[in-house]
Amino acid sequence: MHYPANTLEPHWMPFTANRDFKAEPRLFVRAEGIHYWTHRGDRVIDGVSGLFCCAAGHGRTEIADAVARQLTELDYTSHFQVGSPPSFELARRLAALTPEDLNHVFFAGSGSEAVDTALKIAMAYHRARGEGQRLRFVSRERAYHGVTIGGTSLAGLMNNRQAFGAVMPGIVHMRHTWLPENRFVKGQPEHGAELADDLQRLCDLLGGHTIAACFVEPIAGSAGVLVPPRGYLERLRQICDGHGILLVFDEVICGFGRTGRAFAADSFAVTPDIITMAKALTNGAQPMGAVAVRDAIYDTVVDAAPDGAIELFHGHTYSGHPAACAAALAALDIYEGEGLFARAADLSEAFLDAVFSLRDAPAVTDIRGYGMLAGFDLAPADTPGARGTEAMKRLFDAGLHLKFTGDSGLIAPPLVAGGDDIEAMVAILGDVLRRL
Ligand SMILES: Cc1ncc(COP(=O)(O)O)c(C=O)c1O
């Protein structure tokens, strides 16, 4: 497909410095495997799986074919009081993949919608069990949970909140888990489990019986890959159990092999009550989010409604879109057929070793990582974020695409990358970072 891009102006680009970008655009026109090609014909390594989406690499014809077949057979149906087979099959496959009894799946169109859905399911669940006073939510500093009003309210990144007023009421934040003594720790740091006690303090302050759910990314992704200290998630689980609070893992980045298992819940052996997912769910080929909940949550909400009545007044036009389901089913086939989650686990040590070899670059002040996900911090210049942006541009010109949040760089290669690909990425990264 060739579309002209004769003017860039009308597209108000998301999370982009529009004026800067439009003066000096970075356009991708093709992708295959772990590579993009720019409009100038340059090849760029995709060091962040698109945006943590393309775990199986780009240009997977199995997914494209499944989507094309689905679109010609049944392009669209709503799932309000009618349905079609792909969503039921996908829910069955996801229920088998998620831990323990998280066996019911609600579909959404994105990670943000999945988070909003989880907020509403938590409220509906408590209301159905006679605890409708639980309307508070706990999140964490440096959290990213998408950009709807719900996600913005949960957000712990200042830039994502400050322009938008008070947003949703009743949301309180725990401290983030970055600690100076954990700098340059590979995997889970030893220090910091006690930071989970912030949740207990909030229960003591507000009443645990007023809190509906605690939302965390098992590994805080967008903030720069903050790996949970050993014992931290376990303690959150314990405190939630003590107060009847639902624990929600936002696995929009962690899900589908990024941590070396299907979900970070498996890797860290802590089972939440709700898991939100998106991104690699379809390998990025179709927009889709999903929320998996424990049987008890589904049963409680459904059984509380009168016979024949709609139980949850929530849903999106694209909840369970047939083409998105087809993409997800094809992606799951690839993940399973190619053993990509186990491959991520096998590749992790070499990947993290390679990334941690950058610790001698003068601009680098910290490196963190787990599985096939790593982050590093750059010493800020006068304006926070300016150095990160400069690094992103220089890396792009040198042939490596990474995501930056402020002065933190994020690396999440497609799980099909080989040892040579990792070396190539880190060679470019080292070269650029040492000259920053
Ligand atoms: C943890 C987490 N939650 C939610 C989202 C929002 O997903 P989306 O951009 O698909 O709305 C993201 C996106 O990066 C994310 O990382």
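These notebook entries record what I looked up in a predicted model.

**Entry 1: a helix pair**

I began with helix α3 (residues 61-73) and helix α11 (residues 322-337), whose axes lie 8 Å apart and pack at an angle of about 150°. Angles over 145 degrees count as roughly antiparallel. I therefore recorded α3 and α11 as roughly antiparallel to each other. I noted the crossing of α3 past α11 as right-handed.

I then listed the residues in the contact. From α3 I wrote down Glu62, Ile63, Ala66, Val67, Gln70 and Leu71. Their counterparts in α11 are Pro322, Ala323, Ala326, Ala327, Leu329, Ala330, Ala331, Asp333 and Ile334. By class, I have 12 nonpolar, 1 polar and 2 charged residues in the contact of α3 with α11.

**Entry 2: the ligand shell**

I turned next to the ligand and found 14 residues surrounding it. The closest are Ser110, Gly111, Ser112, Gly146 and Val252. I also asked which helix gives the most to this shell, and it is α5 (residues 111-128), with 3 residues. I recorded the classes of the shell as 5 nonpolar, 7 polar and 2 charged residues.

**Entry 3: the mixed sheet**

I traced an open sheet of 4 strands in the order β1-β2-β3-β13 and noted that its pairing is mixed. The edges are held by β1 (28-32) and β13 (400-401), each with a single partner strand, so one side of each has no neighbour in the sheet.

I looked further at the pairing of strand β3 (residues 43-46) with β13: these strands run parallel and are joined by 2 bridges. Opposite isoleucine 45 I found leucine 400 of β13.

**Entry 4: the antiparallel sheet**

I followed another open sheet of 4 strands, ordered β11-β12-β15-β14, and recorded its pairing as antiparallel. Here β11 (364-370) and β14 (403-405) stand at the edges; each has a single partner strand, so one side of each is left without a neighbour in the sheet. For the turn between neighbouring strands of this sheet I noted an average of 20°, direction ignored.

Within this sheet I examined strand β12 (residues 373-378) and strand β15 (residues 408-411), which run antiparallel and are joined by 4 bridges. I marked aspartate 377 as standing opposite serine 408 in β15.

Finally, I checked what helix α12 (residues 340-356) lies across, and found β11, β12 and β15. I recorded the angle of α12 to β11 as about 175°.

Definitions and conventions: Residues numbered from 1 in each chain as written. Predicted model: local features only at pLDDT ≥ 70, side-chain atom pairs only at ≥ 80, totals over all residues. Axes fitted to C-alpha atoms, helices over the stretch in contact; angles between N-to-C directions. Parallel < 35°, antiparallel > 145°, perpendicular 65-115°, else oblique. Left-handed = near helix turned anticlockwise from the far one by under 90°. Contact = placed C-beta atoms within 7 Å. Nonpolar A, V, L, I, M, F, W, Y, C, P; charged D, E, K, R; others polar. Near = placed C-beta within 6 Å. Pairing = 2+ DSSP bridges.
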